Amino acid sequence: MYDKLWLIPFFPLLGCIINGLLGKRFIKNEKIIGAIGTGAVFLSFLVSCKYFFQLLGDSVKSHENIVASWISVGNLQVDWGFLLDPLSALMLMVVCGVGSLIHLYSIGYMHGEEGYYRYFSYLNLFVFSMLMLVLGNNALVMFVGWEGVGLCSYLLIGYYFEKQSAGDAAKKAFVMNRIGDFGFLLGLFTIYWTLGSKHGVWTINFTEITANAHLLSGDMILGTSVTTVATLCFFLGATGKSAQLPLFTWLPDAMEGPTPVSALIHAATMVTAGVYMIGRMNVLFVMSPTTMAVVAMVGALTAIFAATIGFAQNDIKRVLAYSTVSQLGFMFVAMGVGAFTAGIFHLMTHAFFKACLFLGSGSVIHAMHHALHKAHLDDDAQDMRNMGGLRKKMPITWATFGISCLAISGLPFFSGFFSKDEILWWAFASTRGNMFIWVIVVIAAFMTAFYMFRCLFMTFYGEQKTNPKAKDHVHESPWVITLPLVVLAGLATVGGLIGIPHVIDVAHIGNKLNAFLAPVFQHSQELYKIEAHGTASTEIMLMVFSVIVALAGITLAYVMYRKNPELPGKFTAKFPTLHRTVFNKWYVDEIYDALFVNPTKKLGIFCWKGFDVKVIDGIVNGVAKLVGVIADTLRHTQTGFFQNYALTMVLGTVVMMAIFILN
Amino acid sequence: MISVYHYMTVSAILFAMGTYGVLTRRNAIVIFMCIELMLNSVNLTFIALSSHLQSMDGQVFVMFVMVVAAAEAAVGLALMISFYRNRESIDVDDMNLLKL
Amino acid sequence: MEIIFFYLVALVAVVSGFLVIRCQSPVNSALGLVNTFFCLAIFYVMLHAPFMAAIQIMVYAGAIMVLIIFVIMLLNLGEAERKRYTHGIVWSSIASLLVLFNVIFFIKRGRVTGAEGDITTFMVESFGHTELIGKAIFTEFLLPFEIASILLLVAIVGAVVLAKKEV
């Protein structure tokens, strides 16, 4: 029944291998390469659909498919196994669905690029890794995917590797991810060892960990409970992968990669891996209120912190990048207050509208780039100050981008509204939430609405500020680019309807998502009495309040960037220090440079010039010199006259005879 | 009465003289002759001991030493001729290709 | 009587050996060497090994010495000898004296013992030395004998190859 799960990651891997090995020499044709890449992911999508609907109609909600044994050492038994339950099924749909749309989009966007085959090969490899991450039935298979997506992220950020900044950004992403990965591994070891040595359950299988997690309550390590330590380690992994404080700085830099990559990896899927991982291990996380509080706090702070930076950025992709960081913060707030369903819900809707936003920005950049290229201008194609008034020129892009902005701002009946409101409600009313987090998140929501509409207004409205020479070359993008935009905008609009909150469910559709994900989350939520309690009127009031907040943000943006375009300038002039600080991203990068990067570099230089050159090389060269000196001395004994050798031989014989006689 | 020690002493003297000649002379042919002298001193020891111990083995060994000496003489002298052809000399000081 | 004769022969042998190592002309050295060989042949006779004495004279004093003198003549080295015909005398003297002392000391100190065979002087005199040698070579030492013949063959080929002008 579920024994063909392995097909889902298999197709992208096959596509990756075909394109990667044969693309450069044998296939060459862009159309075929694109078709292979997109087709592979689309096939996975079809298989995912089959299993998704099969799971919907099935009464058993958790199925494993073991393909082969991987590691079998002593107590450690690891299989190449896949797990299909509502959580992974939903993720499959998001990853494969959004993934295939973005592959389709890439065909148009990457047209004519150097290394077309390489791009599709990496992208397929990424989808493969992401599917391994999502489907893995044990933590090690998940870790394979976890590392795989990190690697693909590195490869794709550095896609334009001839650019110094792209190479640096790729390295930064990789290193930051590594910091997280080590947390993930430590967490895994802690759980594995404690479960095994104290309770005799040697396992890293998710199902078994979930079933045996209750054994861990009461176990202590270094005066703290084991679950707290382990989950904090896991959360460190999540902050690395999902760009939370303090490891978020790599994500904005990751925008050096091609825009579809930003959409797929750095907005829709990979960065949500941390959220997914917490969802997957929710049983462990609920056991530690400390970790939950940390998760919620970090999420909330990230949400507001990244939002402030989004205010002052002029690069369209950077605004979206900070918005992604901020939205990921929302998801972690949800996870932290125990609203797992809401977190996954927001993950899904965010995948839709953020992918749409990124692809829309990609469409704009694509058009701008071509226009500037045609006019032989060197202006920045991503700078919003060069845009404006693109509404008429690129209507489809404008419409889809606008819809996504409405969705992300949380206007009623768009998908973002439902997911964000559920997070806000849980932050306010959950037994694990509190007022403080709610306030921060609301402010962040307000800021989100503001900077997203600032972005929309600067790009599509007002005077076109593009260089006059390039102005008329800006055109709407081809269908392969607009089709994914339209589909994603559609999803961003209606995607929220699967999770309508009970209080406004006038048509009695029911909260489909809640019911669907219940097998994964309900058990732990009930066990630890995590629930949102409050009256329906409170919930409706909060909803209205958040809509008002969103509208206020939009209005403010309208006033500042449409009505009085000189207002931002005045504001900047009035608070130059504040503006500069925000514009420079609170100098976080500089602080990290000063605190970690430069000392590490200095240590490296010391090791190189001080230790390696002087000590190691000194020893090596010294030995060589010593041998040289000895050899130079001994060389004189080698006269080249055979009688000298004969003399030595005779003397040697004499000595040996003497020894023989004296004995 | 002549004992085996008498013969061996003579043999030792001849051997030491041969060694001295090998080490000091510059003419390759003379060195070669000194080697023959050393070989003969050893032969004398062999035969003296063979006679002393009433065994034929030592004398058989002397036969083989003579065979080897004959072979050595043939090859060695051929080498000298060929060397002389190249260097117009059979002085061992001229055999210095091993020198740095 | 015998001992006096021994000393006389030994003296001649040592003096001839000295000539070998000290004569400037290689021809003189060669003559000294022949003399030594003769003395050794006399010793062999005194040691009841007449066959060895015979081949000593035939092979050494005859064949090998003729070969050496032939080469000396061929290379015409008689007059071409330079003034300085020795070197490294001090160190070489020390080395050879050390060798001599070592051996003499060894001979004086040790006792010659070993497994005594059954080839008595009486046997040698009644059977004949040549028969006994032949018996030993063609029975006990047959394989080494054959190998020695191959060695000689190789030496002949090698000498021809080396001495040829053009290979």
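Here are three short exercises on this predicted model, each with a worked solution.

**Exercise 1. The fold of chain A**

Work out how many helices and strands chain A has, and what share of its residues is buried.

*Solution.* Start with the secondary structure: chain A holds 26 helices and four strands. Next, turn to burial, where a residue counts as buried if 20 or more other C-beta atoms lie within 10 Å of its own. By that cut-off, 54% of the 663 residues in chain A are buried. Finally, look at sequence separation: of the contacts in chain A between residues at least 6 apart in sequence, 80% join residues at least 24 apart.

**Exercise 2. A hairpin in chain A**

Find how β1(A) and β2(A) run relative to each other, parallel or antiparallel, and which residue in their hairpin takes a positive phi.

*Solution.* First locate the strands: β1 of chain A spans residues 63-73, and β2 of chain A spans residues 76-84. The two run antiparallel and are joined by nine bridges. One pairing to check on your screen is S72(A), whose bridge partner in β2(A) is Q77(A). Now step into the turn: two residues lie between the strands, and G74(A) has a positive phi near 55°.

**Exercise 3. Where chain B meets chain C**

Determine how many residues each chain gives to the contact, and which element of chain B gives the most.

*Solution.* Begin with the counts: chain B contributes 60 residues and chain C contributes 70. On the side of chain B, the elements giving two or more residues are α1 (4-24), α2 (28-53) and α3 (57-87). Of these, α3(B) gives the most, with 20 residues. Last, sort the chain B side by character: 44 residues are nonpolar, 13 polar and three charged.

Methods
Residues numbered from 1 in each chain as written. Chains lettered and ligands numbered in written order. Predicted model: local features only at pLDDT ≥ 70, side-chain atom pairs only at ≥ 80, totals over all residues. Buried ≥ 20, exposed ≤ 12 C-beta atoms within 10 Å, placed from the backbone. Contact = placed C-beta atoms within 7 Å. Pairing = 2+ DSSP bridges. Nonpolar A, V, L, I, M, F, W, Y, C, P; charged D, E, K, R; others polar.
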